[in-house]
Amino acid sequence: MLDTNLLRKDLDRVVRALARRGLAFDTDRYHALEARRKAVQVQTEELQARRNALAKQIGQLKSRGEDASAVLAESQAIPEQLKTLEQDLAAVQHELTQWLMTIPNLPDDSVPEGLSEADNVEVRRWLPGAADAAGNPAGLGFEPRDHVALAEPFGLDFESARLLVGARFMMLRGPIARLHRALAQFMLDLQTGEHGYQECYTPYIVNSSTLFGTGQLPKFKDDMFWVTKGGKGSTPDDEGQAEDLYLISTAEIPLTGTIRERILDAHDLPIKLTAHTPCFRSEAGSGGRDLRGLIRQHQFDKVEMVQVVHPSQSWQALDEMVGHAEHVLQALGLPYRVVSLCAGDMGFGSAKTFDLEVWLPAQNTWREISSVSNCLDFQARRLQGRFRPEGPKAKPEYVHTLNGSGLAVGRALVAVLENYQQADGSIAIPAVLQPYMGGLDAIRA
């Protein structure tokens with residue numbers, strides 16, 4: 001959530017920054033809410049001052065033996081008036097908070113200008129082999145087959161999944177299922193063993209408060225799978241009502257949600273967490289894209305990275321996390337490029353995002369496989385996640401949160417299948433995955 005102090009002190013900056021995202025901030029609405037808030041606060045302060053003056057006057061009248069009943073009656077009416085004003089102030093603040101919950105984070109000044117993916121800026125690319133004239137990976141030497149044609153003979157089964165639940169789900173069998181598991185295990189081992197993340201096993205269902213805190217609600221409600229409303233096992237919200245529960249769309253949600261309403265010690269930072277989970281997305285806004293194959297599924301797996309850091313360290317952490325995701329792709333020997341997203345293409349909570357795009361020979365294009373974002377204090381404000389700086393009188397400050405894929409397992413499977421395919425239809429196994437495949441060096445008919 002945006003800092004209300006920034007809105008009051010530098011509204012023009014907020015308006016300009018949101019305009020870079022293609023969003024027109026309603027300044028009239030904001031000024032109207034601020035005017036109401038100030039009016040209530042002024043009335044409250046005036047009543048409090050009047051109450052104090054009356055108390056003094058009552059004491060003086062009684063000390064002189066004079067009748068204080070009229071003044072006393074006025075004084076006794078003030079608490080109820082203050083209570084009404086308190087309710088009015090709470091209503092204004094609630095309206096402002098609910099509105100600000102729908103406003104995205106401000107893009108950092110270093111984020112490229114633009115409103116769509118066409119305006120994203122390539123930062124670098126990494127090729128394990130030769131390049132063609134356009135700077136893309138050289139061809140395989142034969143006509144590449146896509147991942148569906150490659151994997152179906154080895155255990156990729158869409159028909160069984162369709163009968164079980166419907167479109168955009170998959171079932172994996174045999175060597176393809178094992179390769180999928182190998183990728184996830186390798187990624188977890190790399191993030192925990194070499195990059196210092198703590199492995200976590202998280203709930204796959206979270207309450208709506210957590211989703212509001214991490215920024216998925218209210219904006220992305222239609223993209224979530226709703227589980228139950230007020231049913232058995234749901235938890236009460238702040239008003240004692242049962243909260244809605246949702247399947248997670250990313251492990252970022254439960255991992256980042258662990259800082260909710262906590263004050264951390266400064267020496268506990270940074271906190272580095274990783275988890276392998278399924279992710280559930282309705283793909284409501286996908287517009288029918290990527291209907292074939294594993295690129296855009298309602299259920300897919302991901303190894304997620306989350307860091308909770310001191311505010312002075314978040315930009316360094318962003319570069320570090322991009323490197324951690326790159327390490328996975330380099331170890332797998334997969335061609336990729338790093339892209340800085342423009343302001344209009346970034347996610348809701350992000351101040352700056354780098355995407356990693358892997359090369360898919362059958363599509364002859366780059367496709368996103370990881371997205372790493374610095375959210376600054378945006379999520380921490382919503383979650384009330386803070387830390388206490390060192391010093392006896394230091395006041396708690398908001399932490400900064402970052403998240404990134406390390407990597408999307410299904411898309412990594414697609415990339416391995418297409419980049420390691422052989423002319424005879426077999427799939428070579430990257431060397432780093434062979435220990436997880438029982439020493440198997442290829443998947444053959």
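How do H3 and H4 run relative to each other, roughly parallel or roughly antiparallel? Keep that in mind as you go through these notes, and remember that you are looking at a predicted model.

1. Start with the helix pair. H3 covers residues 27-63, and H4 covers residues 69-100. Their axes sit 9 Å apart and make an angle of about 160 degrees. Angles over 145 degrees count as roughly antiparallel, so that is how H3 and H4 lie to each other. The crossing of H3 and H4 is left-handed. Sorted by class, the residues in the contact of H3 with H4 are 16 nonpolar, seven polar and eight charged.

2. Now step back along the chain to helix H2, residues 11-20. Which of its residues are buried? They are Leu 11, Val 14, Ala 17, Leu 18 and Arg 20. Here is some background: an α-helix has 3.6 residues a turn, so residues three or four places apart point the same way. Try tracing the buried positions of H2 with that in mind. They pack against two helices, H1 (4-9) and H3, so you meet H3 again here. After H2 comes Gly 22, with a positive phi near 85 degrees.

3. Next, the eight-stranded sheet. It is open, its pairing is mixed, and its strands come in the order E1-E11-E12-E13-E16-E10-E9-E4. E1 (121-126) and E4 (198-200) are the edge strands; each has a single partner strand, so one side of each has no neighbour in the sheet. From one strand to the next, the twist averages 25 degrees. At the E4 edge, E4 pairs with E9 (residues 271-280) in the parallel sense, over three bridges. To find your place there, look for Gln 198, which stands opposite Leu 273 in E9.

4. There is also an open sheet of three strands, ordered E8-E14-E15, again with mixed pairing. Its edge strands are E8 (263-265) and E15 (397-398), each pairing on one side only. E8 pairs with E14 (residues 386-388) in the parallel sense over three bridges. Leu 264 is a handy landmark, standing opposite Phe 387 in E14.

5. Two peptide bonds deserve a second look. As a general rule, most residues other than glycine have a negative phi, and most peptide bonds are trans. The bond from Leu 217 to Pro 218, though, is cis, with omega near 5 degrees. Pro 218 belongs to the loop between helix H8 (208-214) and strand E6 (226-229). Another cis bond joins Gly 406 and Leu 407, with omega about 20 degrees. Where does Leu 407 lie? You'll find Leu 407 in strand E16, residues 400-408, and E16 is one of the strands of the eight-stranded sheet.

6. Finally, check phi at two residues. Glu 261 is not a glycine, yet its phi is positive, about 55 degrees. The loop between helix H9 (252-257) and E8 is where Glu 261 lies. Is Glu 261 buried or exposed? Its relative accessible area is 60%, and the cut-off for exposed is over 50%, so Glu 261 counts as exposed. Leu 376 is not a glycine either, and its phi is positive at about 50 degrees. Look for Leu 376 in the loop between strand E13 (365-374) and helix H11 (378-383).

Technical notes:
Residues numbered from 1 in each chain as written. Predicted model: local features only at pLDDT ≥ 70, side-chain atom pairs only at ≥ 80, totals over all residues. Heavy atoms only, no water. Pairing = 2+ DSSP bridges. Helix = DSSP H or I, 4+ residues; strand = E, 2+ residues; numbered from the N terminus. Buried < 20%, exposed > 50% of the residue type's maximum accessible area, 1.4 Å probe, protein only. Contact = heavy atoms within 4.5 Å. Axes fitted to C-alpha atoms, helices over the stretch in contact; angles between N-to-C directions. Parallel < 35°, antiparallel > 145°, perpendicular 65-115°, else oblique. Left-handed = near helix turned anticlockwise from the far one by under 90°. Nonpolar A, V, L, I, M, F, W, Y, C, P; charged D, E, K, R; others polar.
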